[in-house]
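Reader: I'd like to learn how to read a fold from the coordinates up. Can you walk me through one, a feature at a time?

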Amino acid sequence: MALLKNTIFLAKTLRRVPRMARVSPALNLFFLRYINKFRLKDSAGHWIVHSHLPPLNHPAFARFVDLHLLKRVLGPSHAQIGLTNACPQACVYCYSRERGGKAMDTAAILRAVHELQELGVCWLGLTGGEPLLNSDIARIVETAAGGCAVKLFTTGSTLTREKARELRDAGLFSVSVSLDHWLPEVHDRNRGLAGAFATAMNAIRLIRETGGIQVGVSAVVNREMICRNEVEPFLEFLRGLGIDEAWLCEPKPSVAAFWNEEQVIRPEEHRELFTIQDRWNRRPGMTVNYLGHFESREHFGCNAGHKMVYVDACGEVSPCVFTPMTFGNLRDRPLKEIFAAMKARFPSGDLCFINRNFPLIRDAANGRGFLDIAASQRVADKAEFGKLSGFFRLYLRGRQGGRA
Ligand code: SF4
């Protein structure tokens, strides 16, 4: 039944984006196999595989096919942008913790969004800090939604019914509210703020009631939860909230507090999350979307600095949100130049760059938690990227050197 529904969605997508038929058969087959690990759904009017890809009926999907699968532009397909470093919460694993500087104003953020679109970005995540604290967020969403599928990552702080409507009307397709546990006290402790759990629950309710936006929860699942078999009870709890998607990620060694081999997810735990994801996605209802599955060697691999880029709230350009490195600031150079210099050092690899290479960052940090350009370049030059992922082996088949 799920296969039949997927086939119908894909047939309708092919009718909307006929140039998909011109994509190489090997890549189309790869996508077909990948997509069939999920149940394609109409979530609030969006035909969604999961929220890390543009909805199939969104103009950004047609752009993705055109730019990245047919024209094969060198720029990134995915990006995140920080709208502020301010946040009422203080998560232990927050990747913005060591970032600082002068925040971009709205004009600079809008320029960055245009530059990202020009480079080929089709999926844009809004993050921070707490992005809702940027009072121009709806304007930024509206600009970005012109070429991208736009997703918001939020703690839920300050969300109101009016703001949710405004964001939907501006073109936001998905929201992930952070939630780390079903026990309010555990979530509040992780977030360093009493009442954080209640804030998240309120935000989920408001977005569901607003309609027109895919509602998700993003959860950081640590090794302890995996070892204690707490992931599935947590998913049961999330399903009970009536959300569309549980977006899972493990804590990354992005900040000094996590520069410890013991905290990095083990391959067998990684696989355990795959198995859980596959099992859950065979059932109807909530989609489970583990980032490590999308970014695994079987699928798309790690594309930090290659097909993914992060522009933080101060304009620093990093390979992804989890890499405490900069390759330049938008105040000093155009994104195109910074990205090209970064990409020259970042081939697509088959395992998470930061999980694999954080010891190099730790050694180069010298007491700081965020590397400057020279240190970032030195780390990238020494880093291991591994082999190509399943997708990139096909993508680059027959190309000289086998690397993009
Ligand atoms: S470094 Fe890790 S988190 Fe960042 S893009 Fe690569 S796989 Fe994803």
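## Reading the model, feature by feature

Author: Let's start with one residue: Ala149 is found in strand β5. Keep in mind that this is a predicted model.

Reader: Is Ala149 buried or exposed?

Author: The trick is to count C-beta atoms around the residue, with 20 or more within 10 Å meaning buried. Ala149 has 30 other C-beta atoms within 10 Å, so it is buried.

Reader: And which residues does Ala149 touch, not counting those up to four places away in sequence?

Author: Ala149 touches Pro54, Pro55, His58, Ala60, Cys122, Trp123 and Phe173. You can also look at pairs by C-alpha distance: Ala149 and Leu124 are 25 residues apart in sequence, yet 6.2 Å apart in space.

Reader: Let's try a glycine. Where is Gly216 found?

Author: Gly216 is found in strand β7, residues 214–220. Gly216 counts as buried because it has 29 C-beta neighbours inside 10 Å. Beyond its neighbours within four places in sequence, Gly216 is in contact with Ser51, Ser174, Val175, Ser176, Ile243, Asp244, Glu245, Ala246 and Trp247. For a pair with a wider gap, take Gly216 and Trp280: they are 64 residues apart along the chain, and their C-alpha atoms are separated by 15 Å.

Reader: What does an exposed residue look like by that count?

Author: Try Glu185, in helix α7 (residues 184–191). Glu185 has 10 C-beta neighbours inside 10 Å, so it counts as exposed. Its C-alpha lies 9.2 Å from that of Ala196, 11 residues apart in sequence.

Reader: On to helices. How many residues does α4 have, and how far does it reach?

Author: Compare the end-to-end distance with what the rise per residue predicts. Helix α4 (residues 106–119) has 14 residues and spans 20 Å from first C-alpha to last, close to the 20 Å expected at 1.5 Å a residue.

Reader: Which residues of α4 are buried?

Author: They are Ile109, Ala112, Val113, Leu116, Gln117 and Leu119. These cover an arc of only 160° around the axis, which puts them on the same side of α4. What that side packs against is β3 (78–82), β4 (123–127), α5 (137–144), β10 (308–311) and α13 (335–343). Just after the helix comes Gly120, with a positive phi near 120°.

Reader: Which residues are buried in α5?

Author: In α5, the buried set is Ile137, Ile140, Val141, Thr143 and Ala144. Their arc is only 165° around the axis, which puts them on the same side of α5. They pack against α4, β4, β5 (149–154), α6 (161–170) and β6 (172–178).

Reader: Now the nonpolar core. Which residues have the most contacts inside the largest one?

Author: Think of a core as a network of buried nonpolar residues. The largest has 106 residues, and Leu124, Cys148, Val150 and Ala246 have the most contacts inside it. Helix α8 (residues 196–210) gives the most to this core, with seven residues. A second, separate core of five residues includes Phe300, Phe391, Phe392 and Tyr395.

Reader: What is Val150 in contact with, leaving aside neighbours within four places in sequence?

Author: Val150 is in contact with Leu124, Leu126, Val141, Ala144, Ala145, Gly171, Leu172 and Phe173.

Reader: What backbone geometry should make me look twice?

Author: Most residues other than glycine have a negative phi, and most peptide bonds are trans. Here, Thr158 has a positive phi of about 75° although it is not a glycine. Thr158 is in the loop between β5 and α6 and counts as partly exposed, with 14 C-beta neighbours inside 10 Å. Asn229, also not a glycine, has a positive phi of about 55°. Asn229 is in the loop between α9 (223–227) and α10 (231–240), and is exposed, with 10 other C-beta atoms within 10 Å.

Reader: Which residues does the cis peptide bond join?

Author: Gly128 and Gly129, with omega about 15°. Gly129 is found in the loop between β4 and α5.

Reader: Last stop, the ligand. Which residues are around it?

Author: List the shell, then sort it by class. The residues around the ligand are Lys252, Glu295, Cys302, Asn303, Ala304, Met308, Cys320, Phe322, Thr323, Cys352, Phe353 and Ile354. By class, that gives eight nonpolar, two polar and two charged residues.

How values were computed. Residues numbered from 1 in each chain as written. Predicted model: local features only at pLDDT ≥ 70, side-chain atom pairs only at ≥ 80, totals over all residues. Near = placed C-beta within 6 Å. Nonpolar A, V, L, I, M, F, W, Y, C, P; charged D, E, K, R; others polar. Helix = DSSP H or I, 4+ residues; strand = E, 2+ residues; numbered from the N terminus. Expected span 1.5 Å × (residues − 1). Buried ≥ 20, exposed ≤ 12 C-beta atoms within 10 Å, placed from the backbone. Arc of directions from axis to C-beta. Contact = placed C-beta atoms within 7 Å. Core = buried A, V, L, I, M, F, W, Y, C linked by C-beta atoms within 7 Å.
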